[in-house]
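Please examine the sequence and the structure shown here before reading on.

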Amino acid sequence: MRSVDDARRLVRRAILIKEIAELWVHAASRDELIERTRALPPETYAAYRTCTFKFQVTSFGVSLAMPEQIAVIERFSFLPFDGDIVMKDPHAVFAVYEDYEDNASQGGGVVPRETPARVFFGKLVATGGDRGLIKKYNVKKRGYIGITTMDAELSLLMSNQALIKPGSFVLDPFVGTGSFLFTSAHYGAFSMGSDIDWRQIRGKDGKDIRTSATQYGLTGRILGNVVCDFAHHPWRPVEFWDAIVCDPPYGVRAGAKKIAVNPKLPPKTSIYNKAGHLRLPQTVAYELDQVLIDILAFAAAHLVPLGRLVYWLPTIPSSYTDADLPRHPRMRLVANCEQNFGKWARRMVTMEKLAPDERDVDLSGWVYAGRAGAAAEMALREAEGGEEGGEEGGGGGGGRGGGGRGRGRPRRKEGGEEEEAEGEERRQRGQELCWDGSGGGGGGGPREAEEEAGPRGVPRKVLSAGGGGGGERGRGRRRR
C-alpha cells in the first residue's frame with residue numbers, strides 16, 4: 001500500500017482483516033528478530049521516543065500464555081522509548097507476530113512446533129475492520145429469514161468481492177430471503193432479486209424481504225424482486241448489471257427447480273385449477289451443473305465490462321481439480337476460496353467479465369467435469385447424518401428452489417446402493433456438460449460434441465453420452 005491512509009481506508013471496508021501493521025523486521029526465529037531490530041536505523045522509531053505506547057504479541061497456530069508473551073515483549077527493552085506505557089488508546093502500538101504454521105491446535109495431527117517458523121515486528125497502523133456490520137446484519141436478529149439465509153459475514157465478504165460501490169446495480173438471481181440485497185445496498189448499490197419460489201418473496205405471517213429492508217433502513221436502495229424461472233428468465237440481453245452475487249441452490253437444504261413439463265405428473269388440460277385460479281406451471285429438477293453453466297452464460301451476456309460474478313460452488317476436497325470449476329471464454333477467474341466442512345466443501349468463486357478489447361480466455365483442452373452435483377449429494381448425506389429419506393426443501397416457506405419435499409431422494413438400504421447409484425448417475429450427467437466458446441471448450445473430448453443454443457442464445461456444446469444429452473434435460477424433456 002502506498003500510505004497509512006490507504007491501509008486505514010482498506011480496513012474500514014474489509015470484513016476479514018483484523019489489523020494492518022507497518023513491517024519493520026522479519027526473521028526465522030526470535031533471536032534473529034532481536035538482532036535485526038537492533039540493526040534498525042534510529043530514524044525508524046525516532047518519532048515514537050517520547051509518545052505513549054504499548055506492545056502486543058499475536059501468535060498463529062498456538063496460544064501463547066501471558067507469561068510467555070511478556071517474556072517476548074521484554075526482549076525489546078533495549079529500544080529507546082521514554083514515553084509512558086498506556087494499555088488503552090496509546091499513541092503507538094508495536095506488534096510482534098509469530099507464525100507456527102500448521103500446528104496441532106489447527107488439526108491434522110501434526111507434531112506441535114515449540115518455536116515459531118516466522119516472526120514479524122512492526123508498528124500497528126490500522127485495526128478492527130468493519131466487524132460491527134456482522135452484528136448489525138446478524139441473521140438471528142433479522143426480521144425475516146429462511147432455511148437458506150446466508151450468514152452475514154459471508155454476505156458482506158461476497159459484496160466486497162463484487163467490488164460494489166455507491167450507484168452499482170446488483171442482481172441476485174436466487175434471492176431467497178434477500179441476504180445479498182441488504183449487504184449490497186449497505187455499500188450504496190441498488191439491488192434487485194429474483195426467484196422461482198414465489199413463497200420466499202411473498203413471505204409468511206406478514207413478514208417478507210421488505211420487513212428486513214425496513215429494519216436496516218434500506219428500502220430506498222432495494223428495487224424489488226421478481227418471481228421468475230432463471231432457466232427462462234425475462235431479462236433483456238443488454239449489459240446492465242455491475243455485479244451478480246448469488247448462492248445457487250445445490251440441494252443441501254433446498255433443491256433447484258425450473259419450469260418444464262414434469263413426466264411424473266399427469267398432463268394439464270387447463271391453465272385454471274378447480275377453484276378457477278391460474279395454475280402454477282409444472283417444474284422439474286434443475287441440475288446444479290446446468291445451473292452453474294447458465295449462471296456464467298447469463299453473466300457474460302448481462303454484466304457490464306469488468307463487472308463481477310460472485311457465487312458459491314460445492315466441491316469434494318479429496319477429488320477437487322480445476323476441471324470442477326465451470327468456465328466461460330468471456331469471464332476471467334479472479335479468486336477461488338475454499339470453505340472446508342470436512343468431507344465436502346464450498347468455494348466462493350469470483351469472476352470478472354472481460355473488457356470488449358480483451359481476447360477470450362483460452363479454454364483449449366479444458367472440459368468441465370460437472371461434479372458439483374455429486375458434491376452437493378455428499379453434503380446432503382452428511383447434513384442428514386445418515387437419516388432415512390431426507391427432505392431438501394423442508395416445510396413452512398419451502399426451499400429456495402421449490403421447497404416442499406425437494407427431490408424425494410430414496411430411502412437408504414443396506415450399503416446405500418440407491419444413494420451410490422444416484423450419485424454416480426449425477427456424475428455421469430455432469431460429464432455431459434461443457435462450454436463451447438472460441439477457446440474450444442469441448443474440443444478433444446472423449447465423446448462427440450454437438451452444437452446447441454444455450455441460455456438466451458449463448459452457444460454451448462452438450463457432450464452426448466449414450467443418447468441422453470444435457471440439452472434435452474436442460475429443456476425439461478423426459479430422458480431416454
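The questions and answers below concern a sheet, a helix beside it and one loop residue.

This is a predicted model, in which local features need pLDDT of at least 70 and side-chain atom pairs count only at pLDDT 80 or more, while totals for chains, interfaces and linings use all residues. Residues are numbered from 1 along each chain as its sequence is written, and side-chain values use heavy atoms, leaving out hydrogens and water.

Q: In what order do the seven strands of the open sheet lie?
A: Strands are DSSP runs (E, at least two residues) and helices likewise (H or I, at least four), numbered from the N terminus. Two strands pair if DSSP finds at least two bridges between them. The pairing in this open sheet is mixed, and the order is 7-6-5-8-11-13-12.

Q: Which strands stand at the edges of the sheet?
A: An edge strand here has a single partner strand, so one side of it is left without a neighbour in the sheet. This applies to strand 7 (222-227) and strand 12 (331-340).

Q: At about what angle does helix 9 run to strand 11?
A: Axes are lines fitted to C-alpha atoms, for helices over the stretch in contact (heavy atoms within 4.5 Å). Angles run from 0 to 180 degrees between N-to-C directions. For helix 9 (residues 288-302) and strand 11 (303-315), the angle is about 170 degrees.

Q: Is Leu-325 buried or exposed?
A: Leu-325 lies in the loop between strand 11 and strand 12. Buried means under 20% relative accessible area, exposed over 50%, and partly exposed in between (1.4 Å probe, protein chains only). Because its relative accessibility is 3%, Leu-325 counts as buried.
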